[in-house]
Amino acid sequence: MNGSSFGTSFKITTFGESHGAALGVIVDGCPAGIPLSAEYIQTFLDRRKPGQNVYSTPRKENDTVEILSGVFEGSTTGTSIALLIRNEAQRSGDYSEIASYYRPGHADFTFDAKYGFRDYRGGGRSSGRETAARVAAGAVACALLDTLNIKVCAYAKSINEYVCFDTKEYLAERYSVEEIASMRDKSPLNMPDADASAKAEAYLQRLREEHNSAGGTIECVLTGLPAGLGDPVFEKFDARLAHAMLSIGAVKGFELGSGFEAALLTGTEQNDPFYTDEAGNIKKRTNRAGGVLGGMTDGSDVLFRVAVKPTPSVYAPQETVKQDGSAYTCQITGRHDPIIVSRAVVVVECMAALTAADALLSNLGSKLEHLKMIYGTEQ
Ligand SMILES: Cc1cc2nc3c(=O)[nH]c(=O)nc-3n(C[C@H](O)[C@H](O)[C@H](O)COP(=O)(O)O)c2cc1C
């Protein structure tokens, strides 16, 4: 298959299926000298792994990462970083019945239409498990961003109708990234608003009894990015972010800053006025642009949201067809999240970090001064 790579200058290539031997990723283009350990990467994987709380599938996977190459004496060496996560809890028996029919909301039908052959034991490359490899790679990107004091923080913004704080007020304007992360980590749903989280938990409990699932939104903020990342035409920073986000299974929508609401605003309401601060830096008074103008970062926080659909595997009976086209009522078994949003939070964070790391490295040649700083000698 094509399309297992993401990025140009900081490039990742993932491999592996949910029911194969392992998942993994090769990270190319990571500069030498970044402090990196398996323990650090593991903290990211632990946020994604199943079985963390009652709202996550009870599938027991340790998701233990092994660093196979590219790190020596606690630092990246500049060579390819290979990371491996072995699958430990494959239970093929749970999935054998689905070989004969197409699960609604899954990629079974499209895999057969494209390849004429599929690994029916689970979602294969389309499984939510595939995102473990992205998270491992994203941890490497976060290690790089950390050295530059660039922070990435994602959180569950809403689950069904239960929304954190005021929907119109961006969290990033009210709280620091550290405050949001600390409030988020207290919620089993990764929602940084205790009241909304409690209401969403009660709602999910009701849904679980009805054998159904829910969707929601994830908001993500990147702070400390310099102005000028991204290219003005096809490789716009926001276009790359949208690509990164929409490549995550179950993500169905992307919006930056005021997003879809921009369609309802007037020009004066949408535009962010510029001013020069006391230190002489050009800044914006508001951030309805979401930190990107003309495809290039503008130096303010990059703020975006994604919409995540409800978990497609629900236990309620569903109408579908078998491979031969005959009608079939399926009843899915196995282990599935009643909500994807909460586990996908760290996936969003990691894909945003990968996008930023790639843009930072790709931008090095945009100005002669950059090149002089790296290669220049005193005249
Ligand atoms: C972190 C994560 C976990 C997921 N867990 C499940 C799951 O337990 N059950 C399920 O049916 N889908 C799960 N999914 C979603 C499916 O992988 C996805 O909906 C499916 O492959 C169809 O792709 P599409 O929704 O992008 O069209 C998960 C996705 C992510 C990102």
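How many of the 22 residues of α9 are buried? The count is 20, so helix α9 is largely enclosed by the rest of the structure. The model is a predicted one, and this report goes from the whole chain to the ligand shell, then to three helices and a few single residues.

**Overall form**

The protein chain has 10 helices and 18 strands. Its radius of gyration is 22 Å, close to the 21 Å that the globule rule gives for 379 residues, so the chain is as compact as a globular protein of that length. Taken along the principal axes, the box filled by the C-alpha atoms is roughly 75 × 50 × 35 Å. Of the 379 residues, 43% count as buried. Among contacts with a separation of 6 or more, 72% join residues 24 or more positions apart.

**Ligand shell and helix α9**

The ligand is surrounded by 21 residues, of which S126, G128, G249, A250 and S313 are the closest. Sorted by class, this shell has 11 polar, seven nonpolar and three charged residues. Helix α9, residues 341-362, gives the most to the shell, with three residues. The 22 residues of α9 should span 32 Å at 1.5 Å a residue, and the end C-alpha atoms are 31 Å apart, which agrees. Helix α9 is thus a contributor to the ligand shell and also a helix with 20 of its 22 residues buried.

**Helix α6**

Helix α6 covers residues 194-209; its 16 residues should span 22 Å at 1.5 Å a residue, and its end C-alpha atoms are 23 Å apart, which agrees. Its buried residues are A196, S197, A200 and L204. Seen down the helix axis, the buried residues of α6 fall within an arc of 90°, so they line one face of the helix. They pack against two strands, β8 (151-159) and β9 (162-163). The face turned away from this buried side carries the exposed residues A194, D195, A202, Q205, R206 and E209.

D195, in helix α6, counts as exposed because it has 11 C-beta neighbours inside 10 Å, where the limit for exposed is 12 or fewer. The C-alpha atoms of D195 and C164 are separated by 8.2 Å, although the two residues are 31 apart along the chain.

**Helix α7**

Which residues of helix α7 (residues 237-246) are buried? They are F237, D238, R240, L241, A244 and M245. Seen down the axis of α7, these fall within an arc of 160°, so they too line one face of their helix. The cover over the buried residues of α7 includes the strands β1 (5-6), β11 (251-256), β14 (292-293), β15 (296-297) and β16 (302-308), together with helix α9. Helix α9 therefore appears both in the cover of α7 and in the enclosed part of the structure, since 20 of its 22 residues are buried.

**Loop residues**

Most residues other than glycine have a negative phi. N160 and H211 are listed below with their positive phi values.

| Residue | Phi | Loop | C-beta neighbours |
|---|---|---|---|
| N160 | positive, about 50° | between β8 and β9 | 16 inside 10 Å, partly exposed |
| H211 | positive, about 60° | between α6 and β10 (216-223) | 13 within 10 Å, partly exposed |

The loop that holds N160 runs between β8 and β9, the strands against which the buried residues of α6 pack. H211 takes its positive phi just after α6.

Is S213, which lies in the loop between α6 and β10, buried or exposed? S213 is buried, because 22 other C-beta atoms lie within 10 Å, and 20 or more are needed for that class. H211, in the loop between α6 and β10 as well, is partly exposed with 13. Leaving aside neighbours within four places in sequence, S213 is in contact with L207, P310, T311, V314, P338 and I339. The C-alpha atoms of S213 and P312 are separated by 7.7 Å, with their positions 99 residues apart along the chain counted as their separation.

Key. Residues are numbered from 1 along each chain as its sequence is written. This is a predicted model: local features need pLDDT of at least 70, side-chain atom pairs count only at pLDDT 80 or more; totals for chains, interfaces and linings use all residues. A residue is near a molecule or strand if its C-beta atom, placed from the backbone, lies within 6 Å of it. Helices (H or I, at least four residues) and strands (E, at least two) are DSSP runs, numbered from the N terminus. Ala, Val, Leu, Ile, Met, Phe, Trp, Tyr, Cys and Pro count as nonpolar, Asp, Glu, Lys and Arg as charged, and the others, Gly among them, as polar. The radius of gyration is taken over C-alpha atoms; the globule rule is 2.2 Å times the number of residues to the power 0.38. Two residues are in contact if their C-beta atoms, placed from the backbone, lie within 7 Å. The expected span of a helix is 1.5 Å times one less than its number of residues. The arc is that of the directions from the helix axis to the C-beta atoms.
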